[in-house]
2 protein chains.
Amino acid sequence: MAGLLAGMRVVEGSAFVAAPLGGMTLAQLGADVIRFDPVGGGLDYGRWPVTSDGHSLYWAGLNKGKRSIALDLRSEEGRDLAVALITAPGDEAGMFLTNYPEDGWTGYESLRVRRDDLIVSRIVGNPDGTAALDYTVNAAVGYPIITGPEDHPGVVNSVLPTWDLMAGLTAATGILAADRHRARSGEGRNIRIALADVALATLGALGQIGEVQVNDVDRPRYGNYLYGAFGRDFVTADGGRVMVTAITAGQFRRLVEAAGVGDEIAALEGRRGTPLRSDGDLFEAREEIAGILERWFSMTGYAEVVRCFDEHRVLWGPYQTVRRLLESDARAGTANPLFAEVDQPDIGSLLTAGSPLDTGRDRLPPRRAPRLGEHTEEVLAEVLGLAPAEIGRLLDRGVAAGA
Amino acid sequence: MAGLLAGMRVVEGSAFVAAPLGGMTLAQLGADVIRFDPVGGGLDYGRWPVTSDGHSLYWAGLNKGKRSIALDLRSEEGRDLAVALITAPGDEAGMFLTNYPEDGWTGYESLRVRRDDLIVSRIVGNPDGTAALDYTVNAAVGYPIITGPEDHPGVVNSVLPTWDLMAGLTAATGILAADRHRARSGEGRNIRIALADVALATLGALGQIGEVQVNDVDRPRYGNYLYGAFGRDFVTADGGRVMVTAITAGQFRRLVEAAGVGDEIAALEGRRGTPLRSDGDLFEAREEIAGILERWFSMTGYAEVVRCFDEHRVLWGPYQTVRRLLESDARAGTANPLFAEVDQPDIGSLLTAGSPLDTGRDRLPPRRAPRLGEHTEEVLAEVLGLAPAEIGRLLDRGVAAGA
């Protein structure tokens, strides 16, 4: 069992979320992903959340299944080793997934001198190469203005770096697409993914550019209502909180039956003069529908709500903290093949996810992250063919460092 | 110019966001992606936002660059045509990206009878195959409880279906990884991606499982503060609103210089007894830092803020509506090679994005979405080899429909 991508080697020069997630996506499918870092760790090596003695849970989370090599990237010799790794020979090697700078020694033009068919998949901030972060991009594409309570006077930032996450997955796609193309043509590629472009393309994909350009409408805040169909949070009689959705007519019918509010909904349809048939109808009538459901929720305890919803196959979910999720949701535990308890060095036993791609018999068990520099000697020997004495000299002089 | 994935054919049976985005990701890289739908359109065909005469901007946004075939999927004959498409011969075909049910005629076991090396990449709700939506999953993994103002009594839903978006990109990755594996082994694969697993794996990747399991901390709301470093929204003297970030020590130094608050920050460091060096330091001192910056913002107009920030290369972004973005941000227009104005049937001229992967000379220009059934005849002839008379009979009897 070696994973769908067994044999493929990708070198990663990265920090933070996007590029590390891209590399991890490939590693968890079986690629040999070698992340190089400066000795002592890169900019994200101590990133929060950290344990009480300062070990980063974040770094451990985003580097699972990779090999780690630590090099003195301030020295020419250290940089030369990184370049040699990136451009090492082999039909299944010569792939670089990165958010390192486009100019200088990590630039495509300087690297391809060493390997003409190199594949680079690089995440940048803006399409012109200037810097941008998830948070600054998200502000610019409009979401914080339409998030949160309808009467909230300010903006509401996302707690989830969606654009980083999507950019990382997109960079992994770029590696695989370019690998397929190289296998047919022999040609490498210099691929760039701008974080801002990922956000802008998504805005368009969800119809939100056309909403302004064609409909001349700037979407307002709709609070916790799901846009374009029916969905909202409700509080049960005993204070439980649930997200309830109905995207299709069939889902709405089951919701109405579960809550036993068929008469009230029929009366609403009578007042409106038309049945609630399409998702758009449900959205237009969302406040009346929510009012009817609120009365039912205010009289019904959480356990009874769950019973009715499950009986009628309503699409709902509990609102819960991460603690509650881990304590009581079977999906967030080792009953789910996504997870295993893994011993993470310096951190301890950690509920650790593998790839969300269930590839059947190729699915690799969840693996831990390396220690920084854990594979320095192994990689220098295996990939670059250095002799033990030579590796010893590099370590002694601090050009490379082990764990 | 045909795109990196020229030659690959993927059949898509889908609705809503995730699977359509997965297919579009491959189509925009040059794969021939054929989406089949029921005659009259699937569950997402009228999904909001819609134009004044009911055409879905959402459907147009998520199906760009694909071919469309409409079949009567309630009839055995229509379903047989869909199965024939999915399992059509060819080394570069035999790939099915879908969120259709795992049982019945779209199930892997029933399809592989027709093509043993079939690749299926299927998005499901929960890992056990039960239903879940982005909104119900998001409630369960804890984000709405930590989103929004610190004193907000309720939950705050995301306006962005992050899990759908990530699942779609993950499904595209699954197709490419399985295609690579099939080219080497001759074997197909039945791949499943559970929406809930995508969310849970991300929670772990960002260190948030360890935060509870190892640190015994359930993260509270931090309002608009970026977690783990410095970042927040600020209002300028004339009411402009900007997101300002400093993730690294260098970025923080530039921010301090831009705002000219070096003395105040030095005094803060004196009071703390340690310099603000790491991202964790910045997060711990976020309220004091924000207070210092607030005084500067309250005295400084937007134009001057922008001037100072750009001069010092501060990582910031304006908060703006989509309308403002389209009016004034060069990234959201045809000056960005991501975009072109494209004539979208029934909708009109639309600023349309291509792939956010800039693959250089292979990058395809942005393409429109098809009309529903636009390629019905072409696909039946080309892929299934049906004769014109036979296609005519299928259309006459309503087993298939054109645009």
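**Pairing of chains A and B**

In the predicted model, Ile193(A) has Leu357(B), a residue in strand 12 of chain B, as its bridge partner. This pair belongs to an antiparallel pairing in which two bridges connect strand 6 of chain A (residues 189-194) with strand 12 of chain B (residues 357-358). On the chain A side, strand 6 is also joined to strand 5 (residues 119-124), and these two strands of chain A run parallel and share six bridges. Within that parallel pairing, Arg189(A) of strand 6 stands opposite Ile119(A).

These pairings form part of an open sheet of eight strands with mixed pairing, whose order is 13(A)-3(A)-2(A)-1(A)-4(A)-5(A)-6(A)-12(B). The edges are held by strand 13 (400-401) of chain A and by strand 12 of chain B; each has a single partner strand, so one side of each is left without a neighbour in the sheet.

Beyond the sheet, the contact between the chains draws on 143 residues from chain A and 143 residues from chain B. About 11700 Å² is buried between chain A and chain B, and 66% of this area lies on carbon and sulfur atoms. In chain A, the residues that lose the most area to chain B are Leu4(A), Trp48(A) and Arg180(A), which together account for 6% of what that side buries.

Polar and charged interactions also cross the interface, where 50 residue pairs are found in polar contact between chain A and chain B. The number of salt bridges between the two chains is 14; one of them links the side chains of Arg184(A) and Glu92(B), with an N to O distance of 3.0 Å. Helix 7 of chain A (residues 162-185) gives the most to the side of chain A that touches chain B, contributing 15 residues. By residue class, that side of chain A comprises 78 nonpolar, 39 polar and 26 charged residues.

As regards the relation between the copies, a turn of 180° with a shift of 0.0 Å along the axis lays chain A on chain B with an RMSD of 0.0 Å. The two copies are therefore related as by a two-fold rotation axis. Of the interface residues of chain A, 100% are also interface residues in chain B, so the copies meet through the same surface.

Notes:
Residues numbered from 1 in each chain as written. Chains lettered and ligands numbered in written order. Predicted model: local features only at pLDDT ≥ 70, side-chain atom pairs only at ≥ 80, totals over all residues. Heavy atoms only, no water. Contact = heavy atoms within 4.5 Å. Buried area = accessible area lost by both parts, 1.4 Å probe. Salt bridge = Lys/Arg side-chain N within 4 Å of Asp/Glu carboxyl O. Polar contact = N/O pair within 3.5 Å; in protein donor to acceptor, adjacent residues only side chain to side chain. Helix = DSSP H or I, 4+ residues; strand = E, 2+ residues; numbered from the N terminus. Nonpolar A, V, L, I, M, F, W, Y, C, P; charged D, E, K, R; others polar. Pairing = 2+ DSSP bridges. Least-squares fit on C-alpha atoms with pLDDT ≥ 70 in both.
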